[in-house]
Amino acid sequence: MTVDELRAKAAERRQTCDQIKKMIVSRLDLEIEPGWITDDQPLFGRGLELDSLDVLELYVAIEAEFGVALYDSEMAVFGSVSRLADEVDPALRAGR
């Protein structure tokens with residue numbers, strides 16, 4: 001992989017992470033700026049302190065916005081924005 005390809009992939013990942021952060025803030029009516037959320041910050045517990053109802057809303061939002069259906073067995077993808085980005089972006093999934 002060339003340096004330009006790596007830069008393009010990094011830019012795509014940044015864009016996907018930013019899109020997820022905006023989606024989380026808008027869909028869950030959080031009173032924070034999307035930029036405040038870090039890519040590896042836990043979404044539950046000591047992170048954003050989301051709960052099970054928030055997860056349901058995110059399931060619906062991800063399917064609507066990214067066209068990706070997630071299942072109960074894939075709860076680990078809600079660990080962070082970074083994990084969600086890996087799951088919802090086909091180009092990032094292909095790189096695994």
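Okay, let's start with A10, which at 45% relative accessibility counts as partly exposed. A10 is in helix α1. Before I go on, a reminder that we're looking at a predicted model. Now, if you pick out T38 as well, A10 and T38 are 28 residues apart in sequence, and their C-alpha atoms are 15 Å apart in space.

Keep T38 on the screen, since it takes us to Q41. The backbone nitrogen of T38 is 3.2 Å from a polar atom of the Q41 side chain. Where is Q41? In the loop that runs between α1, residues 3-27, and α2, residues 52-66. And is Q41 buried or exposed? Buried: the relative accessibility of Q41 is 13%, and the cut-off for buried is under 20%. As for who surrounds Q41, leave out residues up to four places away in sequence and you get contacts with W36, G47, L48, G79, S80 and V81. Hang on to V81, because α3 covers residues 81-88 and V81 is among the buried residues of that helix.

Staying in that loop for a moment, there are two residues I'd like you to look at for their backbone. One is D29, in the loop between α1 and α2. D29 isn't a glycine, yet it has a positive phi of about 50 degrees. The other is E49, also placed in the loop between α1 and α2, and here phi is near 60 degrees, again positive in a residue other than glycine. Just for context, most residues other than glycine have a negative phi. What about accessibility? D29 comes out at 65% relative accessibility, so it counts as exposed. E49 is at 60%, so E49 counts as exposed too.

Right, on to the helices. I'll take α1 against α3 to begin with. The two pack at an angle of about 115 degrees, and their axes are 9 Å apart. That makes α1 roughly perpendicular to α3. The crossing is right-handed for this pair, α1 and α3. Which residues meet there? From α1 you have R13, T16, C17, I20, K21 and I24, and from α3 they meet V81, S82, L84, A85, D86 and V88. Sort the residues of that α1 and α3 contact by type and you get seven nonpolar, two polar and three charged.

If you look at the spacing on the α1 side, here's the usual helix argument: an α-helix has 3.6 residues a turn, so residues three or four places apart point the same way.

How much of α3 is buried? Six of its eight residues, so α3 is largely enclosed by the rest of the structure. The buried ones are V81, S82, L84, A85, E87 and V88.

Now swing round to α1 and α2. The axes of α1 and α2 come within 11 Å and cross at roughly 130 degrees. These two helices are therefore oblique to each other. The crossing of α1 past α2 is right-handed. On the α1 side the contact uses T16, Q19, I20, M23, I24 and R27, and on the α2 side E57, L58, V60, A61, I62, A64, E65 and F66. By type, the residues in the contact of α1 with α2 are nine nonpolar, two polar and three charged.

Compare the two lists if you have them up: T16, I20 and I24 of α1 turn up in the contact with α3, and T16, I20 and I24 turn up again in the contact with α2.

Last stop is Q19, which sits in helix α1. At 30% relative accessibility, Q19 counts as partly exposed. Which residues does Q19 touch, leaving aside neighbours within four places in sequence? E65 and F66. With E65 there's a polar contact, side chain to side chain, at 3.1 Å. And one for the sequence-versus-space people: Q19 and V81 are 62 residues apart in sequence, with their C-alpha atoms 9.8 Å apart. That brings us back to V81, which touches Q41 in the loop and is part of the α3 side of the contact with α1.

That's my tour, happy to go back to any of the views.

How values were computed:
Residues numbered from 1 in each chain as written. Predicted model: local features only at pLDDT ≥ 70, side-chain atom pairs only at ≥ 80, totals over all residues. Heavy atoms only, no water. Helix = DSSP H or I, 4+ residues; strand = E, 2+ residues; numbered from the N terminus. Buried < 20%, exposed > 50% of the residue type's maximum accessible area, 1.4 Å probe, protein only. Polar contact = N/O pair within 3.5 Å; in protein donor to acceptor, adjacent residues only side chain to side chain. Contact = heavy atoms within 4.5 Å. Axes fitted to C-alpha atoms, helices over the stretch in contact; angles between N-to-C directions. Parallel < 35°, antiparallel > 145°, perpendicular 65-115°, else oblique. Left-handed = near helix turned anticlockwise from the far one by under 90°. Nonpolar A, V, L, I, M, F, W, Y, C, P; charged D, E, K, R; others polar.
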